[in-house]
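Grab a pencil and work through these exercises with the model open beside you. Try each task on your own before you read its solution.

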Amino acid sequence: MIRHWIIDEEAAPVVKRIYDLCIDGKGPCQIARILENDQVLTVKSLYAKQKGQPLPEYPYHWNENSIVGILERPKYTGCTVNFKTYSKSYKLKKRLPNDPENMFILPDTQEPIIPQEQWDRVQELRKNKRRPVKAERQGFFSGLLFCADCGSKLHFATCKSFGSKQDHYVCSNYKSNRGTCTAHYIREDVLREIVLERIQAVNAYIRKDVEGFQEQWLHCRRSDQEKSIREDKKRLENSKKRLAVLDVIIRRLYEDSVLGNLSIERYQKMSADYEAEQKQLQLEIKTLEEWIGTQEEGNNGLDSFIALTQKYVDVTELTPTIVNEYIKKIVVFAPDKSSGKRKQKIRIYFNFVDEVSIPVLSEPMIASLPYKRRKTA
């Protein structure tokens with residue numbers, strides 16, 4: 001019997017709002033405060049209300065860890081997650097959290113609350129956590145900027161005494177010229193102008209020739225996709241071979257036990273380990289077969305990006321949500337001051353289509369400003 005979740009109509013909008021707030025650039029603490037200020041019942045409080053039980057003493061006091069747990073829970077995409085925990089030994093009852101790469105996820109087994117592409121984007125944003133600043137302003141591009149030379153993040157720098165045009169980003173390895181990299185200094189207002197211009201150009205390019213864009217994207221992705229499918233098929237073949245070998249091993253263990261060549265205790269221990277491996281392989285085979293089928297049918301990243309350009313038809317001003325939905329990362333190069341003007345390249349990588357080689361996507365943008373030498377005391 002296959003069991004399906006039934007979506008809680010009261011809880012689902014709260015989950016959606018939490019994900020939307022994360023896309024809007026809010027961290028778990030900020031989200032918790034927003035929900036508390038809006039008097040949104042916590043998970044425990046909502047459960048008590050639905051059961052007709054008394055509410056907790058602080059029914060709207062959201063905990064940061066609760067927000068993090070919701071943001072990291074893949075089941076909201078409609079999938080089923082197996083092997084979430086493991087035991088170090090069959091002798092130990094304690095179960096430990098499993099690493100994500102060791103879990104097996106079966107997609108599209110339930111009705112989703114959060115679209116897969118939104119969940120993926122939230123996970124990327126969570127990996128690049130934003131460093132809190134003391135000033136009231138928060139960087140539009142915090143967590144998205146990376147140094148072209150050392151690969152480190154660029155940190156947002158501001159303070160209450162700054163004007164907004166003084167807000168800027170510097171390489172985290174610069175450390176006031178005492179670190180291992182140069183500043184890679186770039187002002188936020190310059191970045192805003194460039195990113196807005198690039199998003200507008202991309203939108204115009206796609207709306208002008210959607211079919212041409214699709215053909216170009218598929219051409220660039222085809223070779224990489226075919227390589228990935230070959231690797232997955234090889235892994236699937238190896239898993240099936242190992243599963244067949246385990247059948248033979250378990251049968252031989254049983255025969256040795258019956259003939260008295262292997263103790264009952266030893267047989268039980270070894271057969272339990274092999275049977276556990278069999279179950280993992282069976283689930284892995286099923287997952288790989290489904291994944292290969294999905295890959296061969298085509299990648300939905302293209303449709304997701306085109307839908308994004310249709311969602312934001314006329315972008316006249318950047319918002320944190322627009323930035324986080326469009327931009328995967330921005331690589332900032334060291335400035336070139338040799339011509340007397342400060343010229344600086346940046347490369348923008350978009351979500352879903354960052355590797356596409358078309359003019360408005362692949363060419364680095366250049367910020368050009370007059371260069372004035374600082375006076376020294």
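You're looking at a predicted model, where local features need pLDDT of at least 70, side-chain atom pairs count only at pLDDT 80 or more, and totals for chains, interfaces and linings use all residues. Residues are numbered from 1 along each chain as its sequence is written, and side-chain values use heavy atoms, with hydrogens and water left out.

**Exercise 1: The overview**

Task: find how many helices and strands the protein chain has, and what percentage of its residues is buried.

Solution. Start by counting elements: the protein chain has 11 helices and 11 strands. Helices here are DSSP runs of H or I with at least four residues, strands are runs of E with at least two, and both are numbered from the N terminus. Next comes burial: of the 377 residues in the protein chain, 36% are buried. "Buried" is under 20% relative accessible area, "exposed" is over 50%, and "partly exposed" is in between (1.4 Å probe, protein chains only). Last, look at contacts, meaning heavy atoms within 4.5 Å. Among contacts in the protein chain with a separation of 6 or more, 64% join residues 24 or more positions apart.

**Exercise 2: The faces of helix α3**

Task: work out which residues of α3 are buried and which are exposed.

Solution. Step one: α3 covers residues 43-50, and Ser45, Leu46 and Ala48 are buried in it. Step two: looking down the axis of α3, you'd see these buried residues within an arc of 160°, so they line one face of the helix. (The arc is that of the directions from the helix axis to the C-beta atoms.) Step three: turn to the other side of α3, where Val43 and Lys44 are exposed. A handy bit of background: an α-helix has 3.6 residues a turn, so residues three or four places apart point the same way.

Now pick out Lys49, which is also in α3. Lys49 is partly exposed, with a relative accessible area of 45%. Skipping neighbours within four places in sequence, Lys49 contacts Glu10, Leu41 and Leu55. After α3 comes Gly52, with a positive phi near 75°.

**Exercise 3: Two helices that cross**

Task: describe how α2 and α4 pack, and say what kinds of residues make the contact.

Solution. First, the geometry: α2 (residues 28-37) and α4 (residues 64-71) pack at about 110°, and their axes are 8 Å apart. Axes are lines fitted to C-alpha atoms, for helices over the stretch in contact, and angles run from 0 to 180 degrees between N-to-C directions. Therefore α2 is roughly perpendicular to α4. The cut-offs are: under 35 degrees is roughly parallel, over 145 roughly antiparallel, 65 to 115 roughly perpendicular, and the rest oblique.

Second, the residues: α2 brings Pro28, Cys29, Ile31, Ala32 and Leu35, while α4 brings Glu64, Ile67, Val68 and Leu71. Third, sort them: 8 are nonpolar, none is polar and 1 is charged. For this sorting, Ala, Val, Leu, Ile, Met, Phe, Trp, Tyr, Cys and Pro count as nonpolar, Asp, Glu, Lys and Arg as charged, and the others, Gly among them, as polar.

**Exercise 4: The alternating strand**

Task: find which side chains of β10 are buried and which are not.

Solution. Begin with the background: in a regular strand the side chains alternate between the two faces of the sheet. Then check β10 (residues 341-350): Arg342, Gln344, Ile346, Ile348 and Phe350 point to one face and are buried. Lys341, Lys343, Lys345, Arg347 and Tyr349 point to the other face and are not buried. Finally, find the partner: β9 (residues 327-332) pairs with β10 in the antiparallel sense over 5 bridges. Two strands pair if DSSP finds at least two bridges between them. Val331 has Arg347 of β10 as its bridge partner.

**Exercise 5: A sheet and its surroundings**

Task: give the strand order of the open sheet with 3 strands, then decide whether His184 is buried or exposed.

Solution. Step one: the order is β6-β7-β8, with antiparallel pairing. Step two: β6 (154-157) and β8 (186-187) are the edge strands, each pairing on one side only. Step three: β7 (residues 168-171) and β8 share 2 bridges, and Tyr169 stands opposite Ile186 in β8. Step four: His184 sits in the loop between β7 and β8, and at 1% relative accessibility His184 counts as buried. Its phi is positive, about 50°, although His184 is not a glycine.
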